[in-house]
Amino acid sequence: MEYRKLPHGGEEISVLGLGTSVLCSAGEEEIAKTLDLAIESGINHMDLATADGALFAPLGRALAGRREKMRLQLHFGADYSAGAYGWTLDRDAIRASVDWQLKNLQTDTIDFGFLHCIDELSDLETAWGTLEEILRLKDQGVVRHVGLSSHTPAVVNRLLEEKVLDLVMFSINPAYDYSAGGEFAIGGAQERMDLYRRCEAEGVGISVMKAFSGGQLLDEKTSPLGCALTEYQCIQYALDKPGVLTVLPGVRGSEDLRRLLGFLDAPTSARDYAGIAARAPREIGCVYCNHCAPCPAGLDVGLINKYYDLSRAGDALARDHYAHLARHASDCVGCGHCDGRCPFRVPQSQRMREIAAYFGN
């Protein structure tokens, strides 16, 4: 398993996490079997926005005695009082739902307390009281980190201004990022990429939901891109985005999870998503995928671009990170190797000159 560090706190988070949106229907034995496989494989991060409250008690029993092995995203606003999932902004209902979830999970701590599914700025105005509740519980040591789940860049950007977020759960996949005019998702390609860069620059991690667009991307007949992608391509695509710490695909049980774990040992060719390039807008810029590697002059083109974008986005440490690279943009020999190999048609040779002028080397 590969791990990435949470900027605020330093915890190591597995790049593959466990989504539970449909696991609730698997039954207690299969829920326990899936959790066993996850923990044995090194997965240590789990989201609890599930379709049915039937998940919580079996999961609590399966976690007994090893709660510390799994970090839980618990959502303030997901209401299971009627059994099936419901969404609420009512503060009393939220408090009751959270208490019920903790009781059934047999725990008194919440690793990540999330403002749940805030997709409208008007909903955010109502949710300030919920955020106050999460921060109160954080002061008491019940909540360890503050999070937000959203599909809307404008909402995430607004919360980032408050300087309270440690983790954002956001929908990331090629169809959402590259559809014309945000046809399949909220926000255009550049707006979404700017958000990922801002999160990384400000030390806010991203956990990814809807990496497969609800399964649509896996079938040519339903894929908004007009072609089918594999699960491994979608996972790699999300992990290559700035700020992303973990991808949380929903699983129906241990068989799904075992298949997804194959990503960890899959060859680069099985993860390669260069085929989406025809759908990518020209103005998106470098996405740090390193499809242009290896550089004849030894430059890490993706990392050079990443530190440049982060520095311009306000990351005070990016310039120092760039300075410590073995090769800098000024070492580019202008051979055009990267220009010809970039699936997103970024003029990297020209960009290296721009970056060298910006950093002074």
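The following exercises, each with a worked solution, concern a predicted model of one protein chain.

**Exercise 1. The chain as a whole**

Determine how many helices and strands the chain contains, and judge its compactness from the radius of gyration.

*Solution.*
Step 1. The chain holds 15 helices and 11 strands.
Step 2. Its radius of gyration is 21 Å, and the globule rule gives 21 Å for 361 residues.
Step 3. These values are close, so the chain is as compact as a globular protein of that length.
Step 4. The C-alpha trace spans about 60 × 40 × 40 Å along its principal axes.

**Exercise 2. Interior, surface and charge**

State what share of the residues is buried, what supplies the exposed area, and how the charged side chains are placed.

*Solution.*
Step 1. A residue counts as buried under 20% relative accessible area. Of the 361 residues, 56% are buried.
Step 2. Among contacts with a separation of 6 or more, 73% join residues that are 24 or more positions apart in the chain.
Step 3. The exposed area is about 14900 Å², and 49% of this area comes from carbon and sulfur atoms.
Step 4. There are 36 positive and 49 negative side chains. The centres of the two sets are 4 Å apart.

**Exercise 3. Helix α12**

Describe the length of helix α12, decide whether it is enclosed or open, and identify the elements against which its buried residues pack.

*Solution.*
Step 1. Helix α12 covers residues 301-312, which is 12 residues. From first C-alpha to last it reaches 17 Å, close to the expected 16 Å.
Step 2. In α12, 9 of the 12 residues are buried, so the helix is largely enclosed by the rest of the structure.
Step 3. Among these buried residues are V301, I304, Y307, Y308 and L310. The buried set also includes N305 and D309.
Step 4. The buried residues of α12 pack against α8 (189-201), α13 (318-323) and α15 (348-359).

**Exercise 4. Two residues with positive phi**

For C117 and K163, give the phi angle, locate the residue, and classify it as buried, partly exposed or exposed.

*Solution.*
Step 1. C117 is not a glycine, yet its phi is positive, at about 50°.
Step 2. C117 is found in the loop between β7 (110-115) and α4 (121-126).
Step 3. The relative accessible area of C117 is 22%, so this residue is partly exposed.
Step 4. K163, also a residue other than glycine, has a positive phi near 60°.
Step 5. The loop between α6 (153-160) and β9 (167-171) contains K163.
Step 6. Exposed means over 50% relative accessible area. K163 has 62% relative accessibility and therefore counts as exposed.

Note on methods: Residues are numbered from 1 along each chain as its sequence is written. This is a predicted model: local features need pLDDT of at least 70, side-chain atom pairs count only at pLDDT 80 or more; totals for chains, interfaces and linings use all residues. Side-chain values use heavy atoms; hydrogens and water are left out. Helices (H or I, at least four residues) and strands (E, at least two) are DSSP runs, numbered from the N terminus. The radius of gyration is taken over C-alpha atoms; the globule rule is 2.2 Å times the number of residues to the power 0.38. Buried means under 20% relative accessible area, exposed over 50%, partly exposed in between (1.4 Å probe, protein chains only). Contact means heavy atoms within 4.5 Å. Accessible areas come from the Shrake-Rupley method with a 1.4 Å probe; for residues, only the protein chains shown count as cover. Lys and Arg count as positive and Asp and Glu as negative; His and the chain ends are not counted. The place of a charge is taken as NZ of Lys, CZ of Arg, CG of Asp or CD of Glu. The expected span of a helix is 1.5 Å times one less than its number of residues.
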